[in-house]
Amino acid sequence: MFRLTNTLTGATEVFTPADGSTVRMYACGPTVWNYAHIGNFRTYVFEDVLRRHLRSKPWKLVHVMNITDIDDKIIKTSIERGVDIKTYTTPYAQAFFEDSAVLRIDRPDIITYATDYIQEMIQLVARLLETGHAYREGDSIYYRISSFPAYGRLSRLDKRELKVGARIDADEYEKEQPNDFVLWKAPKDEREPRWNAPFGVGRPGWHLECSAMAMKNLGSTFDIHCGGVDNIFPHHENEIAQSEAVTGAPFVRFWVHGEHLLVEGEKMSKSKGNFYTLRDLLARDYNPLVIRYLLLSVQYRKQLNFTLDGLASAERSLARIKEFLFRLKTASLSSGPSAKVSDALSAAQAQFEAGLNDDLNTDQALAAVFELIRELNISLVGGRPRDVDCTVS
Ligand SMILES: [Zn+2]
C-alpha cells in the first residue's frame, strides 16, 4: 500500500488511481524566464522519485508538466531585450530539459506549453463570465472569489481577511491575502503579446494556464497534482477555484507538495550570495549525481538544508555505493546461490519499498541500501556470496 500525504485533507492516505489502472498526474513546471535554481530542482527531483515509484506499481502513468512561456516576468524581460517571447523563452526551456537530464530526471509523458493552450484558456474565461464567477473591470477580467465558497480550503486561509472587490493584477503575489485575481489581462504596453478573445484582446493570467492544460490532458478530475509548497497559495488555490467553478467536479484527488530548500540554513537569495542554479554548481565541478543524491536524501515533506558540507557527505555516500559495486564485480565468487545473501537482499528490498510506500520516505529507503552494503561487505570478506546472488540489476 502506497501512502501519500494529501495537502487538501492534511492526512496521509492510501493512494490508488481513481479508475484502478491509470494514474493521472499534473506537475507545475518551470517559468522559463531564466535558468532553474536548485530549489526548483528539489521539487522536480521529488516529483521524479514519485514518478518512478508510481511506475514501479502495476499502474499506467500519465504525467503532464507545463512550461510557462508567458507571464509578467517573461513579458517584461523580453520587452527589455527587444525580442518576442518565443525567442526569449526557447533557450531557457531547452536549458531546463538539459539540466533535468543531467540530474537524471525522467521526462514527463506530456509537456505542454502555455502559449499552445490559449484557446482552452479563453473558453474557461468565457464560461466563468457566463456563470458569474468572473467579472470585467476596465479591460481585464477577474475571478470573483466570493462566488466560490470553498476558496481557501487547500491553504486553510482565514477568509475573514477577504476584501470584497480587492483585486490583484500580478501573476504572483506574496501576501497570504485572498484577493480577486486576474484571469485575462488587457495589454498595458503596445509591445506586449496579445490574443483576440470574445471578451477583449489580452493574455491569460498565470493561474489560468495550469487549469486549462491540466483539464485538457487529464480530464475534469485527476489523481495527483504536485508542486512546491510555495505554490499552495495562491496558485493552487486559484487553480481549484477556476476549474471547479467551471466543471462542478472536484479538480484533484491528491495535492502533493514538496517542502522548501534552504541553502546554508537560509532562504536562498541573490543578495545573500547563496543562490545557486544547477549550472553554478556544475561550473564548480560538482558531480550532478551527488547533487541529485543530496536533493532526494531528505524526505520531500521535510525542509532540506542544502550545504556544501552536505554535498561532500553525499559524495562520500555515493562513493560507498560505487566502491561496493566495484568490489562485487571484481570479487572471485564460487558458483551457485547463498541463502544468507539472498535473505539479506530480500530484506533490503522489502525495507526499501516500505520506505517509499510510507509517503516517499527516501531516508528510510536509502538506509536499507546502506545496511545491505554493510552486511554484504562483511559477507564478502567471509567469502559467502556466490555468483548467483551478485547479478547486479
Ligand atoms: Zn501550475
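I began with Cys28 and His235 and found both buried. The model is predicted, and I kept that in mind throughout.

**Zinc site.** I looked up which protein atoms serve as donors to the zinc ion. They are SG of Cys28, SG of Cys210 and NE2 of His235, at 2.0 to 2.2 Å from the ion. I then checked the placement of two of these donors. Cys28 sits in the loop between β3 and α1 (38-55), whereas His235 belongs to helix α6 (residues 232-247), so this pair ties together parts that lie 207 residues apart in sequence. I noted the sequence spacing of the donor residues as C-x181-C-x24-H.

**Sheet.** I went next to strand β3 and its sheet. The sheet is open, has 5 strands with parallel pairing, and runs in the order β5-β4-β3-β11-β12. I asked myself which strands stand at the edges. They are β5 (110-113) and β12 (252-258); each has a single partner strand, so one side of each lacks a neighbour in the sheet. Ignoring direction, I read an average turn of 20 degrees between neighbouring strands of this sheet.

I looked at one pairing in more detail. β3 and strand β4 (residues 60-67) are joined in the parallel sense over 6 bridges. Opposite Met25 I found His63 in β4. As background, I recorded that strands of a sheet pair through backbone hydrogen bonds.

I also looked for a helix lying across these strands. Helix α5 (residues 206-218) lies across β3, β4, β5 and β11 (222-228), and its direction makes about 165 degrees with β3.

**Thr22.** I picked Thr22, which lies in strand β3 (residues 22-27). Is Thr22 buried or exposed? Its relative accessibility is 9%, and because the cut-off for buried is under 20%, I counted Thr22 as buried. Leaving out residues up to four places away in sequence, I listed its contacts as Pro17, Lys60, Val62 and Asp223.

**Whole chain.** I finished with the protein chain, which has 11 helices and 15 strands. Its C-alpha trace spans about 80 × 45 × 35 Å along the principal axes. I compared the radius of gyration, 24 Å, with the value near 21 Å for a compact globule of 393 residues, and the two agree. Of the 393 residues, 52% are buried. The protein chain exposes about 18000 Å², and carbon and sulfur atoms supply 50% of that area. Of the contacts between residues at least 6 apart in sequence, I noted that 76% join residues at least 24 apart.

Terms used. Residues numbered from 1 in each chain as written. Predicted model: local features only at pLDDT ≥ 70, side-chain atom pairs only at ≥ 80, totals over all residues. Heavy atoms only, no water. Helix = DSSP H or I, 4+ residues; strand = E, 2+ residues; numbered from the N terminus. Buried < 20%, exposed > 50% of the residue type's maximum accessible area, 1.4 Å probe, protein only. Contact = heavy atoms within 4.5 Å. Pairing = 2+ DSSP bridges. Axes fitted to C-alpha atoms, helices over the stretch in contact; angles between N-to-C directions. Rg over C-alpha atoms; globule rule 2.2 N^0.38 Å. Areas by Shrake-Rupley, 256 points an atom, 1.4 Å probe, with all protein chains shown as cover. Donors = N, O, S within 2.8 Å, 3.2 Å for Na, K, Ca; no water.
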